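Hi,

Here is the structure I said I would pass on. Have a look, and my notes come after it.

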Amino acid sequence: MPVESARLETLTALARKALWLSSWTIHHANHIRPNTDGLKVGGHQASSASLTTIMSALYFHVLKPEDRVAVKPHASPVFHAIQYLFGRQSREKLENFRGFKGAQSYPSRTKDVDDVDFSTGSVGLGVAQTLFASLVQDYVKAHGWMKGRREGRMVALVGDAEMDEGNIFEALAEGWKHGLRNTWWVVDYNRQSLDAVVREGLWEKFETMFRNFGWDVVIVKYGRLMREAFAEAGGEALKRWIDNCPNALYAALCFQGGAAFRKHLHDEIGDQGPITKLIDKRSDEELLALMSNLGGHDMASMLDAFESIDHDRPVCFIAYTIKGVGLPFQGHKDNHAGLMTVAQMEKYRESQGIRPGHEWDKYEGLAQDAAELDAFLARVPFNQDGRRLTAPVVEVPSQLAFKPSPQMSTQQGFGLVLNEIARGDSELAQRIVTTSPDVTVSTNLGPWVNRRGLFARGEKADLFRSEKIPSTFNWDFSPKGQHLELGIAEMNLFIMLSALGLSHQINGERLLPVGTLYDPFIERGLDALNYACYQDARFMVAATPSGITLAPEGGAHQSIATPLIGMAQDGLASFEPAFVDELAVIMGWGFEHMQRDPGEGGSVYLRLSTRSIEQAQRIMTQELVQGITDGAYWLRKPGPNAELVIAYTGAVAPEAIEATGFIGESRRDIGLLAITSADRLHAGWTAARKLRRDRRGVQHLSHIEKLLAPLPRDCGIVTVIDGHPATLGWLGSVRGHRVEALGVAQFGQTGTIADLYRHYGIDANAIIDAAESLTAGAPIVHRKMAV
Ligand SMILES: Cc1ncc(C[n+]2csc(CCOP(=O)(O)OP(=O)(O)O)c2C)c(N)n1
Ligand SMILES: [Mg+2]
């Protein structure tokens with residue numbers, strides 16, 4: 001049903017106001033109270049203008065409270081302006097746009113105060129996030145957790161050049177496999193990117209692709225003025241001209257204005273008859289208004305397009321727009337960072353009927369009655385409280401069990417712990433959801449999937465099972481399944497984890513997502529991992545196998561830098577246990593950490609290995625649990641006159657233990673420090689120093705400071721890890737001890753573990769050599785002969 005005309009007028013007025021406010025926000029941050037060290041606020045004004053009508057149609061009319069939106073990063077000013085009109089963004093923060101504690105340059109769930117559903121910034125990721133969020137909503141629904149809540153549409157406002165990002169295509173394929181629903185992508189088809197005009201004909205390719213993947217495609221090309229003109233005599237020729245006009249020329253003419261359009265139209269289709277008349281009965285200004293009245297700038301056309309959707313199939317709207325529409329640099333190919341001059345802004349202000357000093361007044365210059373606009377905005381469906389939901393904490397048993405064997409790898413242990421959880425029917429077991437990019441079996445998730453099943457909206461039996469063909473795995477798909485199968489794309493894994501890990505806030509139902517992948521391929525999905533952490537999604541990622549310990553697989557599969565990624569990635573607590581009992585403690589801690597409040601909790605990264613090593617036989621005391629989760633504990637306490645400490649992480653534990661045995665015969669009081677999390681240790685140390693600096697007199701010591709405190713000043717430390725040596729090299733700075741940091745800094749290769757540990761210098765001999773170089777005294781005689 002068409003929207004009644006008064007409402008249409010109000011919506012159009014609000015869109016005009018949103019454009020003004022977004023422009024004024026940028027102008028203010030540049031000219032009135034510059035807050036960015038002279039760095040001009042670019043990349044916003046033109047991009048925002050492009051989407052203003054579309055976003056106004058959505059936010060002020062179409063969207064329902066249950067819908068969730070990812071806004072094109074550079075449309076943040078118009079997003080904040082709309083939120084300001086809703087009363088959810090403050091003038092103070094707008095005045096301080098891009099400044100410290102001001103409204104964020106790109107919409108941020110965690111840093112903005114207004115109602116951001118999904119953060120954006122790195123183009124392409126927010127788009128895919130909506131797709132996965134919809135799959136997660138389906139998951140929640142199929143598990144019977146909607147509890148009467150209505151299904152939301154997951155909406156992405158997409159820049160046309162954003163479509164170049166490969167992760168969008170990866171997501172499209174995944175969405176198709178899972179029967180994607182309730183997803184709307186609205187493409188701001190302004191045919192401009194940052195540097196360039198978008199390649200001619202590209203969109204026809206995309207359109208076919210969307211349709212191939214089962215999407216509806218709705219093209220909104222012409223606005224009302226255009227459609228009316230097409231109905232006039234000569235209108236058809238005008239339409240043909242518009243349809244055939246190259247992107248670059250159309251953009252250039254929009255920039256040049258009505259006179260330039262007139263000249264081109266006359267030269268190319270002028271007929272001294274109806275067409276010429278159609279053109280000439282309009283002033284330059286009217287002609288420009290007509291020619292820039294593309295669908296994406298016409299409220300009625302956008303509303304019609306959105307309201308015409310009466311199904312839950314995914315829809316891609318391609319809305320024709322002009323970058324910078326309505327502003328002096330509209331259509332100019334360099335306008336991405338375009339700013340208006342003070343004089344241009346003055347002119348724009350006057351044209352909007354805004355008095356000096358009243359620039360922030362919500363309704364200044366609008367014909368509508370203020371009280372009515374207040375009432376209108378208060379009634380807007382999307383502008384209701386309670387859109388961000390919460391969910392209670394799922395209880396985690398104090399100790400996670402597993403079936404031990406004397407020799408095990410941490411990867412195996414990971415499978416065993418999950419298998420044990422899967423056997424029961426605890427709340428924890430119900431809320432865990434696993435996912436993996438085609439490495440489910442090879443990362444030991446198989447037993448979990450056997451017990452909990454694969455997720456699909458419809459039932460599908462495992463054919464091998466129904467045909468009675470023996471297989472280790474029986475993988476039925478059902479709506480109750482708890483494993484989401486993904487194709488190989490690691491980007492998809494992390495965006496899926498990002499979507500699953502926000503379920504408590506998006507769906508009001510907590511999920512405890514666990515993803516697995518091979519450790520080196522973290523780097524393939526790194527931006528998506530960073531994105532997930534940035535918006536405070538909560539998940540556990542088990543990355544396995546890792547390092548050169550993966551010996552025969554060779555250098556292409558052996559990770560080196562990932563421990564440093566684990567340390568440097570905010571929002572991600574990283575662990576690399578050596579023994580399975582440590583891993584069980586860390587996983588229990590992790591499931592709790594994933595549920596802590598913002599600012600306290602976060603996600604968890606487990607760097608695991610396939611190397612089977614002799615397990616420590618011991619009682620898990622409270623002290624040990626504390627050490628493991630804080631990041632380190634003494635496997636062998638140093639004596640009072642310790643000359644040397646060996647500090648190791650992960651799969652090289654046997655080498656560290658062996659070397660300790662040899663060295664212990666000729667060096668006094670040697671200590672062996674098991675480091676389960678260089679990340680947590682380092683973070684604790686950094687935080688403690690900051691606290692002491694900030695509050696003089698505070699005595700707080702971090703865990704690593706306490707551990708190293710008893711060591712004599714001249715004690716040496718040898719660190720060893722199957723990963724970059726910088727991971728542990730900092731230990732010497734804690735109390736000024738000398739350090740030899742062993743690790744892997746060059747690409748790996750094929751070989752046996754012994755070959756590679758020897759070659760890269762992380763075997764027992766290398767540890768002994770390093771120990772010798774750090775300590776005085778006789779050569780270490782019990783040195784193991786190289787094999
Ligand atoms: C991953 C990533 N690469 C590069 C950028 C820098 N960047 C921001 S916007 C943009 C061009 C966007 O063009 P388009 O999507 O068409 O949006 P428009 O400005 O035309 O609305 C680029 C290259 C980014 N934000 N993220
Ligand atoms: Mg563009």
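Below are some notes on a sheet and a metal site.

A bit of housekeeping: residues are numbered from 1 along each chain as its sequence is written, and chains are lettered from A and ligands numbered from 1 in the order in which they are written. This is a predicted model, with local features needing pLDDT of at least 70, side-chain atom pairs counted only at pLDDT 80 or more, and totals for chains, interfaces and linings using all residues, while side-chain values use heavy atoms and leave out hydrogens and water.

First, the sheet. There is an open sheet of five strands, in the order β16-β18-β17-β19-β20, with mixed pairing. Its edge strands, each pairing on one side only, are β16 (632-636) and β20 (738-742). From one strand to the next, the twist averages 25°. (Helices, H or I with at least four residues, and strands, E with at least two, are DSSP runs numbered from the N terminus; two strands pair if DSSP finds at least two bridges between them.)

Now β17 (residues 644-649). Six of its six residues are buried, so the rest of the structure largely encloses this strand. Buried here means under 20% relative accessible area, exposed over 50% and partly exposed in between, with a 1.4 Å probe and protein chains only. L644, I646 and Y648 point one way, while V645, A647 and T649 point the other.

On its β19 side (residues 716-721), β17 pairs in the parallel sense over six bridges, with T649 bridged to I721. With β18 (residues 671-675) the pairing is also parallel, over four bridges, and A647 stands opposite L673. Further along, β19 and β20 pair in the parallel sense over five bridges, V720 having L742 as its bridge partner.

As for helices, α27 lies across β16, β17, β18 and β19 and runs at about 170° to β17. Helix α33 (residues 764-774) packs on the sheet too, touching β17, β19 and β20, at about 160° to the direction of β20. Contact means heavy atoms within 4.5 Å; axes are lines fitted to C-alpha atoms, for helices over the stretch in contact, and angles run from 0 to 180 degrees between N-to-C directions.

Then the metal: which protein donors does the magnesium ion (ligand 2) have? They are D160 (OD), N190 (OD1) and Q192 (O), at 1.9 to 2.1 Å. Donors are N, O and S atoms within 2.8 Å of the metal (3.2 Å for Na, K and Ca), and water is not among the atoms, so sites may look incomplete. D160 is buried at 3% relative accessible area, and Q192 is buried at 3% as well.

Cheers
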